[in-house]
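Thank you all for coming. I would like to take a few minutes on one model, and I will go through a serine, a cavity and the disulfides in turn.

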Amino acid sequence: MRSARSVVVVLVVALVGAPGALAGQDGVGYTLEQAVAGRAAYDRACAECHLGTMEGSFEAPELAGPNFVRYWGGRSVGELIEVATTMPPDAEGSLGEAVYASIVAYILSRNGLAPGATDLTVEAAGVLADLTGEPVEIEAAVSEGDSAAEDEEEGGSRGRVGTFTYTPVERFRPVTEQELVDPDPGDWLMYRRTYDGWGHSPLAQIDRDNVSDLRLAWVWAMDDGTNQPTPLVRDGILYLTHPMNTIQALDARDGTLLWEYRRDFPEDFRALGFSTLRSIAILGDKLFVPTKDAAMVALDARTGEVVWETQVADYRQGYTNVAGPIVARGRVINGINGCQRFYEESCFITAHDAETGKELWRTLTIARPGEPGDDTWGGIPFELRGGVDAWITGSYDPVLDLIYWGTAQAKPWVPASRGMTVKDAALYSNSTLALSPDDGRIVWHRQHVPGEALDLDESFEQVLIDRDGRKLLFTIGKHGILWKLDRETGRFLAHKETVFQNVFDRIDPQTGDVTYRADIANAKVGEWISVCPSTAGGHNWPAMGVSPEANALVIPLSQSCLNISGREVALERGSGGTAADRSWEEMPGTDGKLGKLAAYDIDTLEELWSVEQRAAFLTSALTTAGGLVFAGDVDRWFRAYDVRTGEVLWETRLGTSVQGFPVSFTVDGAQYVAVSTGLGGGSPRNVPRDVSPDIRHPRTGNALYVFRLPPG
């Protein structure tokens, strides 16, 4: 059963439909002044996810245009206001009644309702009818005084941009390509430390016997926004990525700030979806930063000064970056995000020259007309093929000289909404792509779930392991199915269901081919489908870690279920989006334990141990040569587990939810462990908030916490 609250929350996640006229007003009114105030409030509280254009991004729906008009026409304005008060995520009801009413007034003005003489109130209940659908011209400016005052607030940094070098990094050693292949044990030079995606530290100073003595060394407050960073560490200098593309260099011994770079965004830019950037990359003396406004920037690692900048895509069409690049053979390789709208440009992976920023190649993740895979899109024109984002950083095998990158699902989420069926595979969605770093050519692909139908993408980490003379690749997506492939050919070898799933009637043990349940395969627009797992996972962006000692993959998992109903979408340029109503509930048989951390044997895929708990895990798994695995959760706990058994050996509770990618490094011979606390995000945050409201945490608290053993 869907709770009443779930249905209300889910409406704002998928306000989509087909073209039509929203009808006029029946006891619904607002004033011009209220809409102007609503515009300013919208820019502050809503535009990060729904965009300044109101086109929506990622899980945030469009709030103006034909799809919004069709859905809300004839509905009560009171229902729209009730939905609005559930926002923003992690802070519902926090804006105040007058602000919510003004934001709704602005939304109505953008959808053609003319202003009147009386303010809209949160008690309004009239029916939306007779609207023109044409935006009303309103005064959108916010006074310069207000803006300046906001920029000068304590801790306010959005108005302060550029590079600020306080102490240049002295004695910096440029990072060589060989060091990326075989890094110093005390450094953390890329997303999962090594090209193979292990997330494993070879450091063993902190081990099973002494981890109970781990103490806080220092903490550094971070900017507000969606926070899921991976710190990089080079020779005791820690490079930290904040929300909205602020990069800082800190002394890793004590957290002293050395320099910072703050992105100067275009005036018409609003953050697209999440403000997070999960990682950056390093080569030579440069840091490579993919930006929220779809550019690639190289910074001097000594000072933070910009070396070069290249625009990769048009942020006005929704393109953005949430994952970081990898650097291989002098190429900065990056996957773009924000491709749910219908535009001809499609999603893609690019390579840029590390010295100059020049684009060397671009590989589209959606098959073009006349190319292999074109016939898998059900005859839909290329400009109406949405999604297939490359939103998680890939891996690289320097011996095979292949890049491995995962891709997301086609959009809208439900095949009927995109004018297709599950029999239309929609290449290269939900796939692992093996790419040549020379020219971006797809050497092979493995589509894990063709024609994906439930917002359960397979776009996550690609883990490379050599066993008994065979080169393997492991990956796992939201279905919670661990896939084992031959990474030379893409051939399926085995799979393991890590959580309960009822999406597929059958998974062929020889080929890995999946067969959808009949009701999923036949679902029409407006029909509700109930499935497990939910859009939070199975598995999501919190990456697995590899333990050579335990011969195990340690994977953060999630146990919840989903109700989803696709909506009608205008199949026209500029439309698209995610287009579904959703709600969530606990997974049967779990006793309400949403979080699961489990270890799987690399050879047999047998589950070796698991930890299940009420709180969802929101960090990657960091394994170490000290026999440990570190992980954190939404309930503020950061723990060290015995990698052989899952036993908790140490724990501490931090300021807010523990969220991001823990790393380990050395400075002056001492081993440190760093982890971030964070707020914001998509389903991994939204589902626990809805299903486990008993778990509460502060609405602020983004920070980096750094731990070490006591000296001596």
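Please keep in mind throughout that what you see is a predicted model. Let me start with Ser692, which, once the neighbours within four places in sequence are set aside, is in contact with Leu594, Arg614 and Val687. Ser692 sits in the loop that runs between helix H10, residues 683–691, and strand S43, residues 703–708. Is Ser692 buried or exposed? Its relative accessibility is 2%, and because buried means under 20%, Ser692 counts as buried. The side chain of Ser692 also reaches back to Pro688, where the distance to the backbone oxygen is 2.6 Å.

Pro688 brings me to the cavities, since Pro688 is also one of the residues that line the second largest cavity. The count of cavities of 30 Å³ or more comes to nine, and the second largest of them has a volume of about 90 Å³. Its lining includes His539, Asn540, Phe617 and Pro684, among others. Which elements give two or more residues to that lining? They are strand S32, residues 552–558, and H10, with S32 giving the most, namely three residues. If we sort the lining by class, we find eight nonpolar residues, four polar ones and no charged residues.

Now to the cysteines. A disulfide is a covalent bond between the sulfur atoms of two cysteines, and a search of the whole structure finds two of them. In sequence order, the bonded cysteines of the protein chain pair as 1-2, 3-4.

One disulfide is formed by Cys339 and Cys347, with the sulfur atoms 1.6 Å apart, and both of these cysteines are buried. The torsion about the S-S bond of Cys339 and Cys347 is about 70 degrees, so this disulfide is right-handed.

The other disulfide joins Cys532 to Cys561, with an S to S distance of 1.9 Å, and with 100 degrees about the S-S bond this link is right-handed. It connects distant parts of the chain, 29 residues apart, for Cys532 lies in the loop between strand S30, residues 528–531, and strand S31, residues 545–547, while Cys561 belongs to strand S33, residues 560–566. Cys532 counts as buried at 4% relative accessibility, and Cys561 is buried as well, with a relative accessible area of 2%.

Finally, a word on Cys46, which at 14% relative accessibility also counts as buried.

Methods:
Residues are numbered from 1 along each chain as its sequence is written. This is a predicted model: local features need pLDDT of at least 70, side-chain atom pairs count only at pLDDT 80 or more; totals for chains, interfaces and linings use all residues. Side-chain values use heavy atoms; hydrogens and water are left out. Helices (H or I, at least four residues) and strands (E, at least two) are DSSP runs, numbered from the N terminus. Buried means under 20% relative accessible area, exposed over 50%, partly exposed in between (1.4 Å probe, protein chains only). A polar contact is a pair of N or O atoms within 3.5 Å; within protein, one must be able to donate a hydrogen and the other to accept it, and residues adjacent in sequence count only if both atoms are side-chain atoms. Contact means heavy atoms within 4.5 Å. On a 1 Å grid over the protein atoms alone, a cavity is a set of points where a 1.4 Å probe fits but cannot get out, and a pocket is an open set with protein on both sides within 12 Å along at least five of seven lines; lining residues have an atom within 4 Å of a point. Grid points are joined across faces, edges and corners, and a volume is the space filled by probe spheres set on the points. Ala, Val, Leu, Ile, Met, Phe, Trp, Tyr, Cys and Pro count as nonpolar, Asp, Glu, Lys and Arg as charged, and the others, Gly among them, as polar. A disulfide is a pair of cysteine sulfur atoms within 2.5 Å.
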